[in-house]
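I opened the notebook on this model with a few things to look up, and I write them down here in the order in which I took them.

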Amino acid sequence: MIERTHKNYYPLMLDLAGQPCVIIGGGLVAERKAEALIDAGAAVTVISRAWTPRLEQWSRDGLVSLVRQSYEPGMTQLENALLVFAATDQAPVNSAVRLEAQGMGKLVSVADDPLHSGFIVPAVVRRGKLVIAVSTGGASPLVAKRVREELERTFGAEYEEYLDLLQELRVQIQSSVREAAYRQQMFKAMLEWQLLDWIRSGRLDSFIKGQMIERIKVDPTVSGIERLGVWLREMADENGET
Ligand SMILES: C[C@@]1(CC(=O)O)C2=NC(=C\c3[nH]c(c(CCC(=O)O)c3CC(=O)O)Cc3[nH]c(c(CC(=O)O)c3CCC(=O)O)/C=C3\N/C(=C\2)[C@@H](CCC(=O)O)[C@]3(C)CC(=O)O)/[C@H]1CCC(=O)O
Ligand SMILES: NC(=O)c1ccc[n+]([C@@H]2O[C@H](COP(=O)([O-])OP(=O)(O)OC[C@H]3O[C@@H](n4cnc5c(N)ncnc54)[C@H](O)[C@@H]3O)[C@@H](O)[C@H]2O)c1
């Protein structure tokens, strides 16, 4: 029987830009892990005798380095890696990779052995700066995928623009309002605006955005935010919206 114990995983957001990550194995699981690492800007090396066509293509495009050989102990790529993924279809090979890498103090994910892995990979929804990671702690990756698909329907493309704008306004407020507690009241008041509806219907144009930035610059107060909300509603009414 496969051994399973409950682990209280600690979720975090890693900045992997330029960081060396090594995947052992060149099959579909390796391909899926490589794709997410490439998206995160990692320096990805894949070690395997055989490849999926997409891994070959990414190698031609310079997105991954392929090392065309089987895993063997003492490889410098492993020594230099920040994260290691053991993703071959050979359990003894995965286990040997894990023992060597863990012996060097590395975090290792083993495709067929979550119990001994240092981390596992969640299903992910990305909407610009919004990232939603879903994990079942390895209980059912298919459920993680299903929940991810449900969340994709709830959190649409509009969140990208929404967060870009909120970030711009927040940074402006951070630089002009000294008191943290007061800033937080302002951020809360900003969430009352129906901005997501505006973005969904394509009405948040550069004029409105410019006005928002300008008005907050002139009046960086909670009541200024509330007045801006009233102005936004008036603009919506003028456009025949309620
Ligand atoms: C989320 C996702 C991320 C990614 O990989 O990018 C991911 N697996 C995904 C898909 C998927 N994986 C599998 C199936 C076939 C159906 C099934 O078996 O259920 C499907 C569905 C499909 O392919 O459609 C088979 C499978 N998975 C693991 C084992 C080994 C084992 O359980 O021992 C076996 C072989 C079992 C066997 O051979 O019997 C193990 C893991 N898979 C994880 C992540 C980690 C736990 C995540 C969590 O639950 O929190 C963990 C523990 C380790 C890890 O890999 O990090 C990605 C969905 C991405 C998306 O679409 O959004
Ligand atoms: N974690 C997950 O999400 C997940 C999902 C499905 C399956 N799995 C597990 O992961 C394993 C791999 O799945 P897959 O679909 O990618 O298999 P696959 O058969 O498509 O690929 C296996 C790859 O490992 C390579 N390989 C074999 N021996 C090697 C060695 N000594 N050194 C380097 N590379 C070697 C092969 O050349 C091949 O490229 C499965 O056996 C299963 O146990 C995990």
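Entry one, the ligand. In this predicted model, I looked up which element gives the largest share of the shell around ligand 2, and found that α1 does, with 3 residues. I then listed the surroundings of ligand 2, which come to 21 residues, and noted that Gly-25, Gly-27, Val-29, Ala-111 and Asp-112 come nearest. Sorted by class, the shell around ligand 2 holds 11 nonpolar, 7 polar and 3 charged residues.

Entry two, the helix pair. I turned from the ligand to the packing of α1 against α2, the helix of residues 53-60, and recorded an angle of about 35° with the axes 9 Å apart. The crossing in which α1 passes α2 is left-handed. On the α1 side I found Ala-30, Glu-31, Ala-34 and Ile-38, which meet Arg-54, Leu-55 and Trp-58 of α2. By class, this contact of α1 with α2 is made of 5 nonpolar and 2 charged residues, with no polar ones.

Entry three, the loop after α1. Between α1 (28-39) and β2 (43-47) I located the loop that contains Gly-41. Is Gly-41 buried or exposed? I entered Gly-41 as exposed, because 12 other C-beta atoms lie within 10 Å and a residue with 12 or fewer counts as exposed. Beyond its neighbours within four places in sequence, Gly-41 is in contact with Leu-16, Ala-17 and Gly-18. For Leu-16 I also noted the C-alpha separation from Gly-41, which is 6.3 Å although the two residues are 25 residues apart along the chain.

Methods: Residues are numbered from 1 along each chain as its sequence is written. Chains are lettered from A and ligands numbered from 1 in the order in which they are written. This is a predicted model: local features need pLDDT of at least 70, side-chain atom pairs count only at pLDDT 80 or more; totals for chains, interfaces and linings use all residues. Helices (H or I, at least four residues) and strands (E, at least two) are DSSP runs, numbered from the N terminus. A residue is buried if 20 or more other C-beta atoms lie within 10 Å of its own, exposed if 12 or fewer, and partly exposed in between; C-beta atoms are placed from the backbone. Two residues are in contact if their C-beta atoms, placed from the backbone, lie within 7 Å. Axes are lines fitted to C-alpha atoms, for helices over the stretch in contact, and angles run from 0 to 180 degrees between N-to-C directions. A crossing is left-handed if the near helix is turned anticlockwise from the far one by less than a right angle, and right-handed if clockwise. Ala, Val, Leu, Ile, Met, Phe, Trp, Tyr, Cys and Pro count as nonpolar, Asp, Glu, Lys and Arg as charged, and the others, Gly among them, as polar. A residue is near a molecule or strand if its C-beta atom, placed from the backbone, lies within 6 Å of it.
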